[in-house]
Amino acid sequence: MTQPWFKQQTQRLNPQRGVRWFTSSANPTREGQQMVTVSVPLDHQNYWYGVLAMDIPVLSIKRFLEDAIVKDVEGEYQLYDSQFRLLTTSTKEKRKVNVFDEQEQAMLVADMAKDTTGGMRVGSRYISWERLDNFDGVLVRVHTLKEGLKGDFGSISIALGLLWMLVTAMLLISWGVIRHMVSNMFVMQNSLQWQAWHDTLTRLYNRGGLFEKARTQAKRSREGKQPFSVIQFDLDHFKSVNDRFGHQAGDRVLSHVAGLISGTLRAHDLAGRVGGEEFCIILPGTTLSQAERIAERIRRRINGKEILVTKSTTIWVSASFGVSSSQETGITTLSSYSRWQTSGSTGPNRPDVTACAPAMPIRAWR
């Protein structure tokens, strides 16, 4: 992580998040060969995970330069790093490589600091140079006076550019594949979590998901000394709907009721299907009287909507409600809420006082 190809790919040092080539002397070597490292940052949702890096032997670049030289009249190509240290050259090993003395190097470095491309005469040689994109070095072409009249410097630049583009494309494709895999993992994780906590038919919380969320809300209300209310209700004579019209009709009724519940509640309220036709609503920060009004509003909406269960058949449904609040006993533990059931003998869809668990008094509508 201390190498330049890693630490210089942070979002601060590389805000464009582009591919970069590094020729620092701190780069690792393989089997005694000097290496050039090319790396690309790996980001997802503005989070930097690391880099994807590839080492290229300088010897391979040398062979590429040698192969790119068709004629000796094209001169000699030299590749330098950011400190103007010679990395490789197109000259065969048996030939003498053009070198610069300290004064000539100082002149070239000063001229290169002014622009990305340029040229100058040094003694009997003409030196042309160009800085490469995303590479902390420079490509130098050395001509004698005779060679300077022939050849095409652009051809070698294009060839190197194609090599850079090929490697960059490989890195970008690899980065895209990794990013796609990471994105799919997040999507799959969110989907599995949603399925684990929700009822797929009504798209409300299931029993486990509702109680898990409700425990957190109950604890928060207890610590903040805020009221906490619960509404529980079930649909009247729901079994007869399944028996007469089939389970598809029953599913339509459940989905319809779930939609009415979702359209009535606030953003921080919780609603779930805790049984076949049983629903539970968690109302943090809600008093008993407020919860009673919400329950009555839901009951009226359910009772006042006609539901199409088959192509030519519509039905009305009603529900029996029970409401409880921490204000009655000061208890805000979820287990107290989960023990009671609505009952009564005055008939469905009418107000009634029901029997309940001793820990929590209940007011109920049927």
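Where is the place of G246? The views below, taken from a predicted model, begin with this residue and then turn to its surroundings.

**Figure 1. Close-up of G246 in the loop between α6 and α7.** The place of G246 is in the loop that lies between helices α6 and α7. G246 is partly exposed, because its relative accessible area of 23% falls between the limits of 20% for buried and 50% for exposed. Along the chain, G246 and T310 are 64 residues apart, while their C-alpha atoms are separated by 9.6 Å.

**Figure 2. Close-up of the contact between helices α6 and α7.** Two packed helices are described by the angle between their axes and the distance between the axes. Helix α6 covers residues 238-245, and its axis comes within 6 Å of the axis of α7. The two axes cross at roughly 140 degrees, which makes α6 oblique to α7. On the side of α6, the contact is made by F238, V241, N242 and F245. On the side of α7, H247, A249, G250, V253 and L254 take part. These contact residues divide into 6 nonpolar and 3 polar, with no charged residue.

**Figure 3. Close-up of helix α7 and its buried residues.** At 1.5 Å a residue, the 18 residues of α7 should span 26 Å. The C-alpha atoms at the ends of α7 are 26 Å apart, so the expected span and the model agree. Buried residues of α7 include A249, G250, V253 and L254, which also belong to the contact with α6. Also buried in α7 are V257, A258, L260, I261 and T264.

**Figure 4. Close-up of the contact between helices α7 and α8.** Helix α7 comprises residues 247-264 and helix α8 residues 288-304. Their axes come within 10 Å and cross at roughly 140 degrees. The crossing of this pair is right-handed. From α7, the residues V257, L260, I261, G263 and T264 make the contact. From α8, the partners are R297, I298, R301 and I302. By type, the residues of this contact divide into 5 nonpolar, 2 polar and 2 charged.

**Figure 5. Close-up of V317 in the loop between β13 and β14.** Strand β13 covers residues 313-316 and strand β14 residues 319-325, with V317 in the loop between them. V317 is buried, because its relative accessible area of 7% is under the limit of 20%. Leaving aside residues up to four places away in sequence, V317 touches V253, I302, N303 and I307. Among these, V253 is also one of the buried residues of α7, and I302 is one of the α8 residues in the contact with α7. V317 and D236 are 81 residues apart in sequence, yet 6.9 Å apart in space from C-alpha to C-alpha.

**Figure 6. Close-up of K225 and H237, two residues with a positive phi.** Most residues other than glycine have a negative phi. K225 is not a glycine, but has a positive phi of about 55 degrees. The place of K225 is in the loop between α5 (207-224) and β9 (228-235), and K225 is exposed, with a relative accessible area of 77%. H237 likewise has a positive phi of about 55 degrees although it is not a glycine. The place of H237 is in the loop between β9 and α6, and H237 is exposed, with a relative accessible area of 58%.

Technical notes
Residues are numbered from 1 along each chain as its sequence is written. This is a predicted model: local features need pLDDT of at least 70, side-chain atom pairs count only at pLDDT 80 or more; totals for chains, interfaces and linings use all residues. Side-chain values use heavy atoms; hydrogens and water are left out. Axes are lines fitted to C-alpha atoms, for helices over the stretch in contact, and angles run from 0 to 180 degrees between N-to-C directions. Helices (H or I, at least four residues) and strands (E, at least two) are DSSP runs, numbered from the N terminus. A crossing is left-handed if the near helix is turned anticlockwise from the far one by less than a right angle, and right-handed if clockwise. Contact means heavy atoms within 4.5 Å. Ala, Val, Leu, Ile, Met, Phe, Trp, Tyr, Cys and Pro count as nonpolar, Asp, Glu, Lys and Arg as charged, and the others, Gly among them, as polar. Angles under 35 degrees count as roughly parallel, over 145 as roughly antiparallel, 65 to 115 as roughly perpendicular and the rest as oblique. Buried means under 20% relative accessible area, exposed over 50%, partly exposed in between (1.4 Å probe, protein chains only). The expected span of a helix is 1.5 Å times one less than its number of residues.
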